[in-house]
Amino acid sequence: MTAPSPDERALWNISYGLYILTSHLDRRLNGMICNTVMQVTSHPMRISVCVNKENLTHGFISRSGVFAVSILADTAPMELVAHFGFKSGHDVDKFADLAFQQGATGSPLVGDHCLSQLEARVLDSMDMGTHTVFAGDLVAARVLAQGTPMTYANYRQVLKGKVPRNAPTFSANRAAQANEPGPTSGRAANTSPRHVCGVCGYVYDPEKGDPEHGVAPGTPFQETPPDWVCPLCGAPKSAFTPA
Ligand SMILES: Cc1cc2nc3c(=O)[nH]c(=O)nc-3n(C[C@H](O)[C@H](O)[C@H](O)COP(=O)(O)O)c2cc1C
């Protein structure tokens with residue numbers, strides 16, 4: 001008799017925070033969203049992170065031996081999470097137009113919408129197959145502001161955020177559930193429905209359009225330009241479904 005496979009839904013009750021994990025290599029800076037930061041010991045103060053091997057940040061941490069964590073406040077907008085969590089430094093320079101400081105390790109530290117910053121030097125790493133767990137000694141830490149840290153639950157429930165495949169907590173089952181048709185805007189479904197991005201959860205509202213990217217308010221989704229992309233994560237129009 002074979003044992004029943006573990007019920008994946010049990011994992012969905014694990015709590016996490018949400019962080020910008022950064023590192024550098026030579027003069028290049030990079031960062032990504034990470035929910036797998038934890039304090040490992042207090043004497044000495046040590047923290048760990050779990051990073052997908054395909055992420056540029058993984059290569060930077062492996063080679064530089066340092067990383068930093070900027071702890072997001074619950075005021076952080078979806079745009080900030082999408083910037084670091086749905087784009088890769090393989091494709092874009094995420095720090096090109098963003099305010100940051102470089103700390104003791106040389107890693108970039110984000111201040112806006114962040115409560116604290118931590119910097120660590122890698123002590124050891126553990127190969128987890130698709131991911132590596134890096135554990136490090138805390139070499140610097142500072143509190144920037146009082147506030148409530150962003151939680152993973154808040155991100156999913158309030159910001160309606162999703163997680164990409166590279167995140168350790170990605171679940172194809174959960175993603176499929178989230179893609180089920182949601183509530184409509186209250187208008188007849190065939191007039192001008194809102195559309196939701198299947199990658200990051202951004203909702204295109206035809207009443208608002210996307211004026212920043214040349215789509216006037218009142219433009220139905222079908223009439224947005226063929227090369228229009230999700231303003232949050234850059235996914236193509238084909239990634240959208242009616243909300
Ligand atoms: C809410 C959320 C949580 C995430 N958590 C992790 C994580 O803990 N580890 C990880 O490797 N990727 C995680 N990711 C995915 C990375 O942020 C994403 O793959 C990013 O584009 C990698 O960027 P890079 O290639 O510039 O390093 C998460 C993404 C989101 C949106």
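So, contacts first: if you take pairs in this protein that sit at least 6 apart in sequence, 61% of those contacts join residues at least 24 apart. Keep in mind that this is a predicted model. For the overall dimensions, the C-alpha trace spans about 60 × 60 × 35 Å along its principal axes. The radius of gyration is 19 Å, and that agrees with the value near 18 Å that a compact globule of 243 residues would have. Of those 243 residues, 43% count as buried. On the outside, we get about 13,200 Å² of accessible surface, with 54% of that belonging to carbon and sulfur atoms.

Okay, secondary structure. The tally is four helices and twelve strands, and I'd like to spend a minute around strand S8. S8 covers residues 114–127 and runs antiparallel to S5, residues 66–72, with seven bridges joining the two. If you want a place to look on screen, find Ser70: its bridge partner in S8 is Gln117. S8 also pairs with S9, residues 131–143, again in the antiparallel sense, and here we have eleven bridges. A handy marker for that pairing is Glu119, which stands opposite Ala140 in S9. S8 and S9 make a hairpin with three residues between them, and in that turn Gly129 has a positive phi of about 90°.

Now for the backbone oddities. As background, most residues other than glycine have a negative phi, and most peptide bonds are trans. Which residues here go the other way on phi without being glycine? Asp26 is one of them, with a positive phi of about 55°. Asp26 is in the loop between strand S1, 19–25, and strand S2, 28–34. Is that residue buried or exposed? Asp26 is exposed: its relative accessible area is 70%, and the cut-off for that label is over 50%.

Then there's His113, also not a glycine, with a positive phi of about 60°. You'll find His113 in the loop between strand S7, 108–109, and S8, so we're back at the strand we just walked along. His113 is partly exposed, with a relative accessible area of 36%.

And the peptide bonds: the one from His43 to Pro44 is cis, with omega near -5°. Pro44 is in the loop between strand S3, 38–42, and strand S4, 45–52.

Right, the inside. In soluble globular proteins, nonpolar side chains tend to be buried together. In this model the largest nonpolar core has 32 residues, and the ones with the most contacts inside it are Leu72, Cys200, Tyr202 and Cys230. Which elements give two or more residues to this core? Those are S2, helix H2 at 78–85 and helix H3 at 152–157. H2 provides the largest share, five residues.

Let's zoom in on Tyr202. What does Tyr202 touch, once you leave aside neighbours within four places in sequence? Its contacts are His195, Val196, Cys197, Gly209, Trp228, Cys230, Pro231, Leu232 and Phe240. Cys230 in that list is another of the residues with the most contacts inside the core.

There's also a second, separate core of 15 residues, which includes Val49, Ile71, Leu118 and Phe134. If you go back to the strands, Ile71 falls in the S5 range of 66–72 and Leu118 in the S8 range of 114–127.

Terms used. Residues numbered from 1 in each chain as written. Predicted model: local features only at pLDDT ≥ 70, side-chain atom pairs only at ≥ 80, totals over all residues. Heavy atoms only, no water. Pairing = 2+ DSSP bridges. Buried < 20%, exposed > 50% of the residue type's maximum accessible area, 1.4 Å probe, protein only. Core = buried A, V, L, I, M, F, W, Y, C linked by side-chain atoms within 4.5 Å. Contact = heavy atoms within 4.5 Å. Rg over C-alpha atoms; globule rule 2.2 N^0.38 Å. Areas by Shrake-Rupley, 256 points an atom, 1.4 Å probe, with all protein chains shown as cover.
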